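Good morning, everyone, and thank you for making time for this. I would like to walk through one model slowly, so please keep the picture in view while I talk.

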Amino acid sequence: MRATLRRLGDVIPLPVSVRPEAAANFQVSPTVAVSADPAAAGIAEQVAELLRRVTGHPVPVTEAGGSIKILLEGYDKNEAYRIDVAATGVTLRAATEQGLFNALQTLRQLLPEGRADEVVLPGGTIEDEPRFAYRGTMLDLARHFFTPDEIKSYLDQIVQFKINHLHLHLSDDQGWRLEIPGWPRLTEVSGGEGTGVDGVGGGFLTTAEYTDLVAYAERRFVTIVPEIDLPGHVNAAQVAYPELTCDGEQLTARTDAEVGYSSLCANREETYAFVEDVIREVAALTPGPFLHIGGDEAFSTPPEDYRTFLNRVLPMPGKYGKRAVGWHEMAAVELPPSAVPQYWRIEPADDGVARAARDGHQVIMSPADRSYLDMKYDKDSPLGLDWAGVVGVERSYDWDPADRLPGVGEESLLGVEAPLWSETLRSPADVEFMAFPRLPAIAEIGWTPRAARDWASFQARVAAFGPRWTTQGVNFHRSREIDWE
Ligand code: TNX
């Protein structure tokens, strides 16, 4: 099969600068080889593997002389990269391996996804760097557990769009999904079979599995952001350890999807001993800089107790070397300097986020009516919720995080995140259906300069990605908003 030549700018997220040069197309010949700086050997092997897959040629990695060159040079920015395609060869350049990894993702989209007889790269130059340092998505393992292999497969899918943070929601009322040394009943009692919503989707990560997963993500330049949701969303912890309730009562396990009924007890020292143990253990297992402490929907925690609790707990991630992240409700109290509120509200409200931004805090934007991947696409969606409205692909794309909240502009944003709650999901196919193509929309918002974004252009590039997802076996949603190829 002769593959269609892609255009240089047919990439999601759209690169900052694309300068095509039609006379400079590069034909990948059977003798193609990849040459790299020794420090970039890992990326060079991945580039060679990509070319082997699409061409069937041997594609050796050599120290010099290859027509594909991988150079660790230039650009002092962490994630920036440049690709030059000339008739004689191709150069990928970045100051860091992460920048080269980004270049690899772009290169992949300029090549066919499957095997082709004749492979040609479009000529010209791409220069690229992200708008925001944090481009994330969240997977809710608490309402339905996904296995390490399933999470790895999702990681492989999301890095194609230069998503660089995966937030794991590891505890909630229905289940506790990470083994914590010293607190074995959390996972023995609340991580087993039957602990998901509707009694489907139990399971948990052992510390060894979590460590392996974090390393897998790290090799793909994705930072895992673990979340332990506190002080609400704790029924599973309290079922396992009745001493975590105010009166020591044995609670029953719950598999419904209610929120806001459980709370840790702000006036008991046992609460803080538990929370500090958990935060210390999670911090020790996590190389990334963030630790998410939840803080959302604590409807059964009296406001005074909520503040008491957060004032005790918010310094703990810092004590163990991490930046605290929390849902924006936590901005009701004075935050430690490095803490990051994650804003999810639909309507702007006075909940302290603008004040935190004024004090110099960075904010993650995740407005539910735009970025929540668990909202239905339209009223006929077989999966998802609709409390934040239905969220079609254009609705996911056509907004800007710097306009969302008065007082929280471009300079206050750490970035954007698209959370995927799993109350209605059962399988990796369900996750894929909800994430694609809306996650690429959020990825482009996080990466591409605002002025360069355009819905019609995005539509066309997503349409062209359809056959790629099909080849990859990804169960994307064939939204009627897209004229699929
Ligand atoms: C709200 S928004 C939640 C979650 C639910 C989700 C469902 C927020 C921080 N919390 O507990 O799973 O809605 O969409």
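Before we look at the ligand, we need one definition: Ala, Val, Leu, Ile, Met, Phe, Trp, Tyr, Cys and Pro count as nonpolar, Asp, Glu, Lys and Arg count as charged, and the others, Gly among them, count as polar. With that in hand, the shell around the ligand divides into 7 nonpolar residues, no polar residues and 4 charged residues. The residues that surround the ligand include Trp327, Trp344 and Trp421, together with Asp296, Glu297, Asp374 and Glu423.

I should say early that this is a predicted model. The chain has a mean pLDDT of 96, with 99% of its residues at 70 or more, and the model scores ipTM 0.97 and pTM 0.98.

Let me stay for a moment with Glu297, one of the residues around the ligand. Glu297 sits in the loop between β13 and α8, and its phi is near 45°, a positive value in a residue other than glycine. Is Glu297 buried or exposed? The answer lies between the two, because Glu297 has 16 C-beta neighbours inside 10 Å and so counts as partly exposed. Asp198, in the loop between α4 and α5, also has a positive phi, near 65°. Most residues other than glycine have a negative phi, and most peptide bonds are trans.

That brings me to the peptide bonds. The bond from Leu230 to Pro231 is cis, with omega near -10°, and Pro231 lies in the loop between β12 and α6. A cis peptide bond also joins Phe436 and Pro437, where omega is about 15°, and Pro437 is placed in the loop between α13 and α14.

Now for the overall arrangement. The domain assignment gives domain 1, residues 17-128, and domain 2, residues 134-452, and the C-alpha centres of these domains lie 36 Å apart. Their contact takes 5 residues from domain 1 and 4 residues from domain 2.

What lies inside? The largest nonpolar core has 137 residues, and those with the most contacts inside it include Val47, Leu139, Leu420 and Leu439. This core draws at least three residues from each of domain 1 and domain 2. If we follow Leu139, we find that it touches Phe146, Ile151, Leu166 and Leu420, among others.

Leu439 takes us to helix α14, residues 438-447, where 10 of the 10 residues are buried. In helix α13, the buried residues include Val431, Phe433 and Met434, and what covers the buried residues of α13 includes α3, β17 and α14.

I will finish with two valines, each in a helix. Val462 lies in helix α15 and counts as buried because 26 other C-beta atoms lie within 10 Å. Among the residues that Val462 touches are Pro437 and Pro440, and we met Pro437 a moment ago at the cis bond with Phe436. Val275, in helix α7, is likewise buried, with 22 other C-beta atoms within 10 Å, and it touches Leu230, Val313 and Met316. Leu230 is also a residue we have met, since the cis bond to Pro231 starts from it.

Note on methods: Residues are numbered from 1 along each chain as its sequence is written. This is a predicted model: local features need pLDDT of at least 70, side-chain atom pairs count only at pLDDT 80 or more; totals for chains, interfaces and linings use all residues. A residue is near a molecule or strand if its C-beta atom, placed from the backbone, lies within 6 Å of it. Domain bounds come from an automatic or database domain assignment. Two residues are in contact if their C-beta atoms, placed from the backbone, lie within 7 Å. pLDDT is the predictor's confidence in each residue, from 0 to 100. A nonpolar core is a set of buried Ala, Val, Leu, Ile, Met, Phe, Trp, Tyr and Cys residues joined through C-beta atoms within 7 Å. A residue is buried if 20 or more other C-beta atoms lie within 10 Å of its own, exposed if 12 or fewer, and partly exposed in between; C-beta atoms are placed from the backbone. Helices (H or I, at least four residues) and strands (E, at least two) are DSSP runs, numbered from the N terminus. Lists of a residue's contacts leave out its neighbours within four places in sequence.
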